[in-house]
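Please take a moment with the sequence and the structure before reading on. The paragraphs after them are meant for a reader who has not seen this protein before.

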Amino acid sequence: MEIIDFSPVKDTLDKIAVQLITLMAMFALAYVGAFIVLRLIKIPGQLAHYLSTAVLLIVMYYSFVNGYIPGIQSAQ
């Protein structure tokens, strides 16, 4: 029996994992950054959460529509 070489699959999964981690880091930084800035300018907490969520959704939309993530083709 021959030993099957899974290295191409492993490389692909590693790239996908790095892209997913990068994506989650971008989302977290967008939310936390927006929340901190909004709290620094004295916006109430509940409203700051809503606006930070809006910023998070904008970042998600931009990253998927414009193909910002390396390795993912844009929708255009």
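What follows goes from the whole chain to its helices, and then to single residues and their contacts.

The model shown here is predicted. The protein has two helices and zero strands. Helix H1 covers residues 7-40, and helix H2 covers residues 45-65. Of the 76 residues in the protein, 16% are buried. The accessible surface comes to about 6200 Å², and carbon and sulfur atoms account for 73% of that area. Among the contacts between residues at least 6 apart in sequence, 44% join residues at least 24 apart.

Start at the early part of the chain. Ile4, Phe6, Val9, Leu13 and Ile16 together make up a nonpolar patch on the surface, with about 520 Å² of accessible area between them. One member of this patch, Ile16, belongs to helix H1. Ile16 is partly exposed, because its relative accessibility is 46% and that class runs between 20% and 50%.

Helix H1 also carries charged side chains that meet. General chemistry comes before the details: side chains of opposite charge can pair when their charged atoms come close. The structure holds one salt bridge, and its partners are Asp14 and Lys10, with a distance of 3.2 Å from N to O. Both residues sit in helix H1, four residues apart, which is about one turn of the helix. Asp14 is partly exposed, at a relative accessible area of 38%.

Further along the chain there is a pairing of rings. A search of the whole structure finds one aromatic pair. The ring centres of Tyr31 and Phe35 are 6.5 Å apart and the ring planes are at 5°, so this pair counts as stacked. The reasoning rests on the angle, because planes under 30 degrees apart count as stacked. Tyr31 and Phe35 are four residues apart in helix H1, and about one helical turn therefore separates them. Tyr31 has a relative accessible area of 24%, which makes this residue partly exposed. Phe35 is also partly exposed, with a relative accessible area of 21%.

After helix H1 comes a stretch that links the helices. Lys42 is found in the loop between H1 and H2. What is unusual about the phi of Lys42, given that this residue is not a glycine? The phi of Lys42 is positive, at about 65°. Lys42 is exposed, with a relative accessible area of 73%.

The next step is helix H2, and how residues there relate to helix H1. Ser52 is found in helix H2. Is Ser52 buried or exposed? Ser52 is buried, because its relative accessible area is 0% and buried means under 20%. A polar atom of the Ser52 side chain lies 2.7 Å from the backbone oxygen of Ala48. Which residues does Ser52 contact, once its neighbours within four places in sequence are left aside? They are Tyr31, Ala34, Phe35 and Leu38. Two of these names, Tyr31 and Phe35, are those of the stacked pair described above.

Ala54 is found in helix H2 as well. At 34% relative accessibility, Ala54 is partly exposed. The C-alpha atoms of Ala54 and Tyr31 are separated by 8.7 Å, while the two residues are 23 apart along the chain. Tyr31 thus comes up both in this distance and among the contacts of Ser52.

Later in helix H2 stands another serine, Ser63. Ser63 is buried, with a relative accessible area of 2%. A polar atom of its side chain lies 2.9 Å from the backbone oxygen of Met60. Ser52 likewise has a side-chain polar atom placed by a backbone oxygen, that of Ala48.

Key. Residues numbered from 1 in each chain as written. Predicted model: local features only at pLDDT ≥ 70, side-chain atom pairs only at ≥ 80, totals over all residues. Heavy atoms only, no water. Buried < 20%, exposed > 50% of the residue type's maximum accessible area, 1.4 Å probe, protein only. Contact = heavy atoms within 4.5 Å. Areas by Shrake-Rupley, 256 points an atom, 1.4 Å probe, with all protein chains shown as cover. Phe/Tyr/Trp six-rings, centres within 6.5 Å; stacked < 30°, edge-to-face > 60°. Polar contact = N/O pair within 3.5 Å; in protein donor to acceptor, adjacent residues only side chain to side chain. Patch = residues over 30% accessible without salt bridge, like charges linked within 9 Å, V, L, I, M, F, W, Y side chains within 5 Å. Salt bridge = Lys/Arg side-chain N within 4 Å of Asp/Glu carboxyl O.
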